[in-house]
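Q: Please take a close look at one part of this model, namely the side-chain contacts, and tell me which residues take part in them and how they sit in the chain.

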Amino acid sequence: MTEPLLRASYCHCTRCQRRSGTAASAQARVAPGALSILSGEELVRAWQPESGFAKEFCSECGSQLWSRDPEDPDVVSVRFGAFDRDPGIRPQHRQFVAYAASWEEIPDDGLPRYDERPPA
Ligand SMILES: [Zn+2]
């Protein structure tokens, strides 16, 4: 990452639950063009759902890496679990809470919550 991350959030959608195996996925938006892969690029695979961002992951260890806009490949959100160090940003809101897992209460952390995608 060559530039500071732009923003971050928790996503509670069912797709993120299934993909991550957790109640919510924490992710941070990368400045356009600021992400480059230094090694192992050949191991990165993608799953492209019918709608929404492609989910890119490591085919060697299965780790989720980031999602990427199929319309604009420069628009990428990195999964917090993929960072080796403190990413220097914290999630600022919770989205798709209408679909939150029934088995884990959303923490009372004061973050704004949106039933669907937050307003632009
Ligand atoms: Zn999601």
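A: What follows goes through the contacts of the side chains, with the strands and the metal site added for context.

This is a predicted model, in which local features need pLDDT of at least 70 and side-chain atom pairs count only at pLDDT 80 or more, while totals for chains, interfaces and linings use all residues. Residues are numbered from 1 along each chain as its sequence is written, and side-chain values use heavy atoms, with hydrogens and water left out.

A search of the whole structure finds 3 salt bridges, the term standing for a side-chain nitrogen of Lys or Arg within 4 Å of a carboxyl oxygen of Asp or Glu. In one of them, E56 meets R68 at 2.8 Å, N to O. Because E56 belongs to strand β4 (residues 54-58) and R68 to strand β5 (residues 64-68), this pair ties together parts that are 12 residues apart in sequence; strands here are DSSP runs (E, at least two residues), numbered from the N terminus. E56 has 11% relative accessibility and counts as buried, where buried means under 20% relative accessible area, exposed over 50% and partly exposed in between, with a 1.4 Å probe and protein chains only.

A further salt bridge joins the side chains of D86 and R90, again with 2.8 Å from N to O, and here D86, at 52% relative accessibility, counts as exposed. In the remaining case R94 pairs with D109, the closest N and O atoms being 2.7 Å apart. R94 lies in strand β7 (residues 94-95) and D109 in the segment after β7, so this contact ties together parts that are 15 residues apart in sequence. R94 counts as buried at 4% relative accessibility, whereas D109, at 35%, counts as partly exposed.

R94 has another contact as well, since its charge lies over the face of Y10 at 4.0 Å from the ring centre; such a charge is counted if NZ of Lys or CZ of Arg is within 6 Å of the ring centre and within 35 degrees of the ring normal.

Turning to the aromatic rings, a search of the whole structure finds 2 aromatic pairs. F80 and F83 form an edge-to-face pair, with 5.7 Å centre to centre and 85° between the planes, and both F80 and F83 are buried. F96 and Y99 form a tilted pair, at 6.2 Å centre to centre and 45° between the planes. The rings of Phe, Tyr and Trp (its six-membered ring) pair if their centres lie within 6.5 Å, planes under 30 degrees apart counting as stacked, over 60 as edge-to-face and the rest as tilted. Y99 is partly exposed at 37% relative accessibility, while F96, at 13%, counts as buried. F96 lies in the segment after β7 and has a positive phi of about 55° although it is not a glycine.

Among the strands, β6 (residues 76-79) sends V76 and V78 one way and S77 and R79 the other way, and all are buried. Strand β2 (residues 25-29) pairs with β6 in the antiparallel sense over 3 bridges, two strands being paired if DSSP finds at least two bridges between them.

Finally, the zinc ion has as its protein donors C11 (SG), C13 (SG) and C16 (SG), lying 2.1 to 2.3 Å from it. Donors are N, O and S atoms within 2.8 Å of the metal (3.2 Å for Na, K and Ca), and water is not among the atoms, so sites may look incomplete. Both C11 and C13 are buried.

Technical notes: Helix = DSSP H or I, 4+ residues; strand = E, 2+ residues; numbered from the N terminus.
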